[in-house]
Amino acid sequence: MGWLDANLISVLNGFALAALLFLIAVGLSLVFGTMDVLNLAHGSLSLIGAYLGVALVDEDASLGVFVLAALLAAAVGAALGAALAAMTSAINDHLRQALLTLGVALIAADVLRELFGSDPERVSAPAALAGSVDVLGRPYPVYRLSVVAVAVVIGLVLYVVLERTQAGAIVRATVADRGMVEAIGIRSQVVLLGVFGVGAALATLGGLLAGPVLGARPGLDSTVLLLALVVVVVGGLGSVRGALLGALLVGQVQTLGVSLLPGQASYLLFGAMALVLLLRPRGLLPSPYAHAGGHA
Amino acid sequence: MRTRRLAPAALLSTAALALAGCGGGSLSEDSGGGGDDSVTVGLVLPASGVYEPLGVDMTRGWELYLEQNDGQLGGRDVEVVTADEGEGPDVGVPATTRVITQDQADVVVGIVNSATALGVKEGLASSEVPLIVANAGADDLADGGEWVWRTSFTNGGIAASLGEQVAEDVGDEPVYLMASDYAAGEESIAGFREAFEAAGGTVAGESLTPFGTTSDYQPFLTRAQNSDAGAIYAFYAGAEAVSFVQQYREFGAAEDLPLYGPGFLTEGGVLEAQGDAAEGVQTAMHYSNLLDTPENTEFVDAYVEAYDAQPTTYAVQAYDAAAALDAALEVSDGTSGADIAAALGEVGEFSDSPRGPWSFDEEHNPEQTYFLREVEMVDGAPGNVVQGELN
């Protein structure tokens with residue numbers, strides 16, 4: 001009975017972690033998979049979101065303040081994403097993109113350290129969600145449950161927009177054949193700007209929502225980027241479903257896996273990634289539209 | 001076309017692996033050699049990476065002592081050359097080598113990371129330059145050899161000081177042990193287990209959590225809650241300590257399992273970030289800024305005035321490293337490394353340290369009092385209130 005209880009809590013907690021990872025990683029996946037831009041500053045976007053939480057959300061903040069901070073974080077992220085899109089749009093090869101965005105990430109890390117210091121900071125959960133509820137006879141933080149709900153909603157919206165709307169169709173078409181999309185009168189630069197903006201907004205929003213769980217500190221940007229990269233590699237590039245599956249897998253590996261195999265905890269994450277790469281080199285659910293020949 | 005499709009995944013995996021091994025940078029300052037009557041001190045502290053907050057506190061402690069003594073130690077002018085210790089030996093060892101070869105330091109002070117300290121130990125001995133360790137806690141770092149002296153603590157020593165107290169508190173209930181999975185965590189658990197079991201305590205189980213890669217302790221906390229333990233002993237520091245204590249509260253472990261650990265669990269900026277989640281956590285440490293002695297009050301006042309921040313144990317360790325060097329240079333015949341090392345053996349007791357009286361023992365570790373501290377809200381902010389002396 002104790003065994004079952006313990007592992008059910010771990011599974012639940014894995015979903016909470018997966019929800020945060022999904023929010024952060026889906027932007028990285030979309031930008032890379034659809035726009036072919038490798039954005040190594042993605043973790044910095046997320047850390048900026050977390051620090052916005054430190055600056056804007058006081059202890060015992062109301063839910064309204066928290067939601068406003070989240071919206072502001074998303075807006076800031078969208079603006080930063082547009083700026084990154086403008087910087088990277090002229091560059092086509094991955095190495096130079098990586099160098100450029102890594103440089104941006106290093107500068108961002110130093111600026112954040114200058115502004116917020118190097119001590120770890122905490123982001124408070126809104127007062128209404130700060131407590132714990134009993135789940136299966138054990139206290140579980142309400143905030144983590146709410147994060148799962150938020151991620152489910154955002155994931156559904158993303159999926160519907162990409163698969164069921166005209167804007168989504170244009171994005172998918174741009175991925176498949178940019179030249180043809182431009183030939184029918186759509187500027188692919190605008191599409192790139194839009195996808196990058198949304199992806200970055202999700203990263204900063206995810207970073208802020210992750211604040212009460214992961215905190216905010218120097219170095220968290222690379223930790224988050226690393227996890228997001230693993231999620232994207234495992235899930236497959238450019239698809240919302242892939243990012244979701246990757247996040248779910250990584251979330252469970254990090255909680256249930258660690259709970260069952262505590263001795264191997266350090267190796268589980270990369271072990272799982274290596275296994276997936278061996279069996280499915282393109283990830284579990286790569287985008288069905290992934291371009292075959294790069295840019296026209 | 002197939003290779004083209006594979007490239008992104010391969011690139012991302014490579015990026016992921018490369019990031020996993022990211023290191024810190026280094027920073028250099030002006031160099032200079034020591035004259036005959038002045039002494040050149042190599043101050044090697046982290047100015048980058050995860051230990052940077054400790055580096056800041058320790059630099060402040062060191063500088064405060066020098067300021068209070070007009071920039072002189074033992075009546076001699078001091079020239080300080082600094083180097084960035086970074087996060088690990090990959091940066092710290094070359095940085096230390098540089099201050100003794102290029103900058104001709106007569107003595108090296110600092111070193112936060114134990115692996116770095118162990119990595120420079122032999123090189124310093126063969127160059128005949130003494131090292132005054134102001135943080136690194138590896139048990140066998142100072143072993144009575146003439147070149148290594150320590151003003152901080154040993155991992156095992158702090159842990160052992162808690163053993164008897166916890167055994168008394170829990171009665172016949174067992175205790176669950178948790179630590180970060182690296183050398184310091186293992187030494188801490190070993191030190192506690194030995195003293196605790198000697199005092200009649202029993203251990204319910206033990207979890208070593210991945211160091212630096214996990215910030216979710218729920219699986220381990222749940223193991224502790226599912227065991228028959230009546231309390232938890234935990235070794236964590238820095239950002240890990242913040243996450244751990246917060247989750248200890250959120251997942252309800254705080255309701256029925258009192259938490260004990262070495263003081264790093266609730267020290268300085270870590271405690272600020274934990275906020276009221278840390279209330280009731282009991283730790284062992286050789287210092288608290290709330291220690292009520294005339295020496296400490298004077299020190300805290302001077303520190304707050306200089307830096308507008310409360311001093312931490314790390315600051316005191318560096319402050320006392322300066323005091324130790326001061327005392328040694330007072331009795332030293334000259335300023336060579338060998339002279340200083342010999343003089344460190346003759347300094348006796350430091351009676352006016354903020355932490356209380358201490359002296360070097362025969363292994364050159366500090367012989368000092370460990371205090372039991374409990375986190376209580378003091379004027380609306382959490383503080384480590386001293387409950388009494390251990391050992």
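**Exercise 1. Determine how many helices and strands chain A has, in what order they come, and whether its dimensions agree with those of a compact globule.**

Step 1. In this predicted model, chain A holds 11 helices and two strands.

Step 2. Read from the N terminus, the elements of chain A follow the order α-α-α-α-β-β-α-α-α-α-α-α-α, which places the two strands after four helices.

Step 3. A compact globule of 296 residues would have a radius of gyration near 19 Å, and the 19 Å of chain A agrees with this. Along the principal axes, the C-alpha trace of chain A spans about 60 × 45 × 35 Å.

**Exercise 2. Describe how β1 and β2 of chain A pair, and find the residue with a positive phi in their hairpin.**

Step 1. Strand β1(A), residues 132–135, and strand β2(A), residues 138–141, are joined by four bridges and pair in the antiparallel sense.

Step 2. One of the bridge partnerships links A:Asp134 to A:Pro139, the latter lying in β2(A).

Step 3. Two residues lie between the strands of this hairpin, and A:Leu136 there takes a positive phi near 55 degrees.

**Exercise 3. Establish which parts of chains A and B carry high and low confidence in the prediction.**

Step 1. Chain A has a mean pLDDT of 88, with 96% of its residues at 70 or more. Among the elements of chain A, helix α1(A), residues 2–35, has the lowest mean pLDDT, 85, whereas helix α2(A), residues 42–56, has the highest, 95. Over residues 292–296 of chain A the pLDDT is below 50, and this stretch has 10 contacts in the model beyond near neighbours in sequence.

Step 2. Chain B has a mean pLDDT of 89, and 90% of its residues reach 70 or more. Among the elements of chain B, the lowest mean pLDDT, 53, belongs to helix α1(B), residues 2–20, and the highest, 97, to β9(B).

Step 3. Two stretches of chain B call for caution: the pLDDT stays under 50 over residues 1–6, which have six contacts beyond four places in sequence, and it is also below 50 over residues 21–35, which have 35 contacts beyond near neighbours in sequence. Where pLDDT is low, the predicted coordinates should not be read in detail.

Step 4. For the complex as a whole, the predictor gives an ipTM of 0.82 and a pTM of 0.85.

**Exercise 4. Work out the overall build of chain B, from its elements and dimensions to its domains.**

Step 1. Chain B comprises 13 helices and 15 strands. Its radius of gyration is 22 Å, close to the 21 Å that the globule rule gives for 391 residues, so chain B is as compact as a globular protein of that length. The C-alpha atoms of chain B fill a box of roughly 70 × 65 × 40 Å along the principal axes.

Step 2. Chain B divides into domain 1, made of 39–153 + 294–360, and domain 2, made of 156–285 + 371–390. The C-alpha centres of these two domains of chain B lie 28 Å apart.

Step 3. To the contact between them, domain 1 of chain B gives 10 residues and domain 2 of chain B gives 12 residues. On the side of domain 1 of chain B that touches domain 2 of chain B, the residues divide into four nonpolar, four polar and two charged.

**Exercise 5. Trace the strand order of the six-stranded and seven-stranded sheets of chain B, and identify their edges.**

Step 1. The six-stranded sheet of chain B is open, with mixed pairing and the order β2-β3-β1-β4-β5-β6. Its edges are β2(B), 72–73, and β6(B), 148–150, each of which has a single partner strand, so one side of each is left without a neighbour in the sheet.

Step 2. At one edge, β2(B) and β3(B), residues 76–84, pair in the antiparallel sense over two bridges, and B:Gln72 has B:Asp77 of β3(B) as its bridge partner. Helix α3(B), residues 89–101, lies across β1(B), β3(B) and β4(B), running at about 150 degrees to β3(B).

Step 3. The seven-stranded sheet of chain B is likewise open with mixed pairing, in the order β8-β7-β9-β10-β11-β14-β15. Here β8(B), 203–209, and β15(B), 381–390, stand at the edges, and each has a single partner strand, so one side of each lacks a neighbour in the sheet. Neighbouring strands of this sheet are turned by 25 degrees against each other on average, direction ignored.

Step 4. Within this order, β9(B), residues 231–235, and β10(B), residues 259–262, run parallel and are joined by two bridges, with B:Leu259 of β10(B) as the bridge partner of B:Ile232.

How values were computed: Residues are numbered from 1 along each chain as its sequence is written. Chains are lettered from A and ligands numbered from 1 in the order in which they are written. This is a predicted model: local features need pLDDT of at least 70, side-chain atom pairs count only at pLDDT 80 or more; totals for chains, interfaces and linings use all residues. Two strands pair if DSSP finds at least two bridges between them. Two residues are in contact if their C-beta atoms, placed from the backbone, lie within 7 Å. Axes are lines fitted to C-alpha atoms, for helices over the stretch in contact, and angles run from 0 to 180 degrees between N-to-C directions. pLDDT is the predictor's confidence in each residue, from 0 to 100. Domain bounds come from an automatic or database domain assignment. Ala, Val, Leu, Ile, Met, Phe, Trp, Tyr, Cys and Pro count as nonpolar, Asp, Glu, Lys and Arg as charged, and the others, Gly among them, as polar. The radius of gyration is taken over C-alpha atoms; the globule rule is 2.2 Å times the number of residues to the power 0.38.
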